[in-house]
Amino acid sequence: MRPQAGARPGASPSRRRFLALSAGAAGATALSGCALQVSTGVGGSGETVTVMVNSGDILPEQVRQAKKDLGIKIVLVKYDITKLIAMLTSGNPPDLVRGVGAVDLPYFAARDVAEELDPYFARSDVLALDDLDPVNDLWRYDGRTQGRGPRYGMAKDFSQDSMYWYNTSAFDRAGVDRPPETDPVTYEEWLDAARRLVRRKNGQTTVFGGSYGGLTRAGLLATMTASAGGRLFDDGFSRVDFTTPEARKALAWYIDYCRAKVGPSLVQPDPNGWDGPTYQAGRLAMSNSGYWMGGMIGTDPKLARVSRLAPAPMFAGGERISACQGGTGVWMPRAARNKDAAWRVFEWFFGEEPAKARASGGWGIPSLRSLRPLMPAKEEYQKRALEVQENELRHFSVVSFTPYTRADAIDALFNQIAPAAMNGQISVDTLAGRLNSAINEQLKRGKEQVG
């Protein structure tokens, strides 16, 4: 039985759990010297809560406001997976940790290092269960399947990440029909449009026709396989099979996209590193960044006027799947030293001032339904994007991920093996077999370590 709220502070994982955690963190070598001093669970006012997040997740002014409003000092630690693993295995973790719900939660929950938060939600006056958007099911895990069972965290905001933004000027210049706003195009139609939208000069790409890389290749291909009507992982999430008709269809489409060189990929990287600056500069006609990128688009009125949001594509004859590949939020380690104060910061971050600020900025959909009225809808382009997004929410579903490895570990294998197919040196079928062998060996080791 897992401990309930506030139980067993300082407990560290077993040797097997330690190996399972360490195996998932690239570069997690020497553990000595990595652990940071964290809060000690002192009661009353003046408590300290250590939060491991990325820069910008919690702003300095919000830290000051939390001290004033909550009487709690927040110490920010930059997120680093190697350091996190070291802190978890030493029994001295942060009180709250950033995570990507879609792909991180099963990994940490299966290793029994994440605290079950149901008792906290049950007594919260800030985070009501009936107010939680279904995207928060990404933070549930029943020991077998993601999307069911206890809650271990919550999404701070989200996008349906297969949706895409497009520049109407690029479509009009190329004489390409604009995508419909409520009905999805097929993946085949999307790629055909990207081929017609790409612009090249002297052998160099000057405008990408479209970007379709997903947040991780593992998450992208799992989602696309679901859209084709199948599953990338087996029932036990301990094996992948890229040779099934549905998974092969997803893999073949992505390799075709890379071979066509209509958008950024491993064989044609975007020098900016991500879609935002490229789209902003008018060098990208379509970007599958979801509603989230509207926060950036809205800062440029000229760009906002020509930008539109479109539904996630689907495969012809497949299912309309519009999943969230991210769902970034926060979870609480089971060995956290100051859980009650950490929960108060959790409530504040997800239901109070920081959550309201995120909702009104357009940088994602609030994960509380009650905050939806704060989403920007003053300008015409905001109203249009919001209407498309609200229609798309009806097609949301959780695409479960494996607990036996991390998405970035699968991506590392994919990045080693897939370029040969992208360059036409091996077939998609050969690629599928090689991916199965490499990834399944990794999943086998992970399952053995988890037990």
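I sort residues by class first: Ala, Val, Leu, Ile, Met, Phe, Trp, Tyr, Cys and Pro count as nonpolar, Asp, Glu, Lys and Arg as charged, and the others, Gly among them, as polar. I also keep in mind that this is a predicted model.

**Entry 1: the largest pocket**

I began with the volume of the largest pocket, which is about 1200 Å³. I then looked for the residues at its heart: of the 41 that line this pocket, Gly214, Leu215, Thr216, Arg217 and Trp274 are the closest to its centre.

Which elements supply at least two residues each of the lining? I found two strands, β3 (96-100) and β7 (157-158), and two helices, α4 (101-110) and α16 (407-417). The largest share comes from α16, which gives four residues.

Next I sorted the lining of the largest pocket by class. I noted 15 polar, 14 nonpolar and 12 charged residues.

**Entry 2: the second largest pocket**

I moved on to the second largest pocket and noted a volume of about 340 Å³. It is lined by 19 residues, and the closest to its centre are Arg231, Phe237, Val398, Val399 and Ser400.

Here I found two elements that give two or more residues to the lining, the strand β5 (146-151) and the helix α8 (217-227). Which of them gives the largest share? I wrote down β5, with three residues.

How many residues of each class line this second pocket? I have eight nonpolar, six polar and five charged residues in my notes.

Terms used:
Residues are numbered from 1 along each chain as its sequence is written. This is a predicted model: local features need pLDDT of at least 70, side-chain atom pairs count only at pLDDT 80 or more; totals for chains, interfaces and linings use all residues. Side-chain values use heavy atoms; hydrogens and water are left out. On a 1 Å grid over the protein atoms alone, a cavity is a set of points where a 1.4 Å probe fits but cannot get out, and a pocket is an open set with protein on both sides within 12 Å along at least five of seven lines; lining residues have an atom within 4 Å of a point. Grid points are joined across faces, edges and corners, and a volume is the space filled by probe spheres set on the points.
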